[in-house]
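Visitor: Could you pick one part of this model and take a close look at it with me? I would also like to see how that part sits in its surroundings.

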Amino acid sequence: MKARIAVLPGDGIGPEVSAAAVAVLRATGEYAAHDFTFAEYAIGGIAIDVHGDPLPPATLAACKSADAVLLGAVGGPKWSDPNAKVRPEQGLLGLRAALGVYANLRPVRVHPRLVALSPLKDEKLRNVDLLFLRELTGGAYFGAKTRTADAATDECKYTVTEIERITRRAFVLAQARSKRVTSVDKANVLETSRLWRSTVTRIALDYPDVALEHQLVDSMAMLLLTRPAAYDVIVTENLFGDILTDEAAALAGSLGLLPSASLGDGKVGLYEPIHGSAPDIAGKGLANPLGAILSAALLLRHSLGLENEATAIESAVGAVIERGVLTSDLGGSATTAEVTSAVVEALQHGRRSQEAA
Ligand code: NAD
Ligand code: IPM
Ligand code: MN
């Protein structure tokens with residue numbers, strides 16, 4: 001298959017981890033005889049520096065016409081002045097909105113070898129397999145903002161249509177998993193959450209084979225740590241999903257491990273690790289590339305329909321963790337490049353074993 005992939009490396013460790021993901025996609029393209037082409041475009045802080053715009057028109061046009069978009073991370077101290085008029089994060093938010101990718105899938109699994117790294121007890125982590133569905137193009141992120149010298153506001157707005165479409169995604173995904181959905185809101189306080197809850201409850205009637213429960217977000221934050229294996233698909237609004245998924249990364253052992261896929265009703269999907277630009281470790285070869293590499297697997301699965309190739313990458317990542325080739329966030333001493341080469345080798349090895357069988 002032929003596919004054109006737009007690569008947006010961004011800032012901090014973004015270029016390091018996106019190069020790792022591209023290396024793994026290239027290796028996949030070679031063994032499976034796919035014609036993947038990659039072209040890089042500026043986004044975030046580097047795009048502000050070079051083009052004066054965190055989402056230059058050429059970047060957006062390239063993303064819209066690509067088959068899929070792979071992103072590293074944006075942001076950093078250089079552009080973090082709270083009074084700045086333009087910020088790297090606006091580039092990412094603008095891209096998500098322009099591509100209409102309202103459904104952000106963030107799977108969380110716990111590799112047995114990494115259980116010891118989690119602050120939780122072993123038995124709590126057994127069988128943890130979560131899929132967060134974070135609404136990505138609404139809520140307080142996109143509402144009107146005001147700022148005066150002594151006050152500021154962020155409007156949080158959700159429409160029924162926005163809630164319906166993310167809810168349907170969650171239920172369809174749950175049908176292929178363990179048929180349970182937990183919807184997270186703050187319906188005891190927020191009007192948007194009350195609309196969220198009544199809409200989710202109504203849409204759930206169309207999926208009688210899937211069980212629905214509601215949780216308030218504060219209690220969910222606690223339950224994620226006390227009973228993480230009790231949940232399966234978790235659907236929630238933009239800001240709650242942002243916070244709960246960084247928390248869930250602690251179950252897996254590192255923020256550097258979690259991938260994401262952002263999908264809409266259109267053709268193009270956006271794939272990025274959930275972590276940020278990690279300015280504290282940027283440029284040192286210390287970044288864990290696995291979240292970005294697993295995002296590349298999601299790209300193959302959701303944008304290109306290459307399920308076998310996606311699974312092969314996930315298995316190769318599992319094998320590399322099993323072998324203990326780990327970056328320092330996971331207690332190892334391997335560099336970003338060493339982990340990446342190990343994944344590429346594991347992929348080629350897995351391929352040879354398959355051919356031999
Ligand atoms: P961060 O996710 O960049 O880092 C948090 C901590 O996790 C740091 O100690 C970092 O070293 C560590 N970490 C993150 N990714 C890692 C990896 N792959 N390997 C090893 N360690 C890793 O969050 P932050 O420090 O709060 O934010 C830094 C900047 O990143 C901010 O400007 C923020 O807006 C931006 N950000 C961007 C994205 C994105 O582009 N999608 C996501 C989150 C944060
Ligand atoms: C993420 C990030 C972004 C978000 C920021 C950088 C805008 O934290 O992708 O999780 O809050 O969505
Ligand atoms: Mn985040």
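**A close look at strand 8**

Guide: Happily! Strand 8 and strand 9 run parallel and are paired over 6 bridges (pairing takes at least two DSSP bridges; strands are DSSP E runs of at least two residues and helices H or I runs of at least four, numbered from the N terminus). The model is predicted, so local features need pLDDT of at least 70 and side-chain atom pairs pLDDT 80 or more, while totals for chains, interfaces and linings use all residues. Residues count from 1 along each chain as written, chains are lettered from A and ligands numbered from 1 in written order, and side-chain values use heavy atoms, without hydrogens or water.

Within the pairing with strand 9, Val184 stands opposite Gln215. Strand 8 also pairs with strand 10, again in parallel, through 4 bridges; there Thr182 has Ile234 as its bridge partner. Of the 6 residues in strand 8, 5 are buried (under 20% relative accessible area, with exposed over 50% and partly exposed in between, for a 1.4 Å probe and protein chains only).

Two helices belong in this picture. Helix 7 (residues 191-204) joins with strand 8 and strand 9 in a right-handed β-α-β unit; seen with the strands pointing away from you, the path from the first strand over the helix to the second runs clockwise. Helix 8 (residues 217-226) lies across strand 8 (180-185), and also across strand 5, strand 9 and strand 10 (233-236). The direction of helix 8 makes about 105 degrees with strand 9 (axes are fitted to C-alpha atoms, for helices over the stretch in contact, and angles between N-to-C directions run from 0 to 180 degrees; contact is heavy atoms within 4.5 Å).

Now step back to the sheet. Strand 8 sits in an open, mixed sheet of 10 strands ordered 2-1-3-12-11-4-5-10-8-9. Its edges are strand 2 (35-40) and strand 9 (211-216), each paired on one side only, and neighbouring strands are turned by 25 degrees on average, direction ignored. Helix 3 (residues 57-65) packs on this sheet, touching strand 1 (2-10) and strand 3 (68-73), at about 145 degrees to strand 1. Elsewhere in the order, strand 4 (residues 103-109) and strand 5 (residues 129-135) pair antiparallel over 7 bridges, where Pro107 is matched with Leu131.
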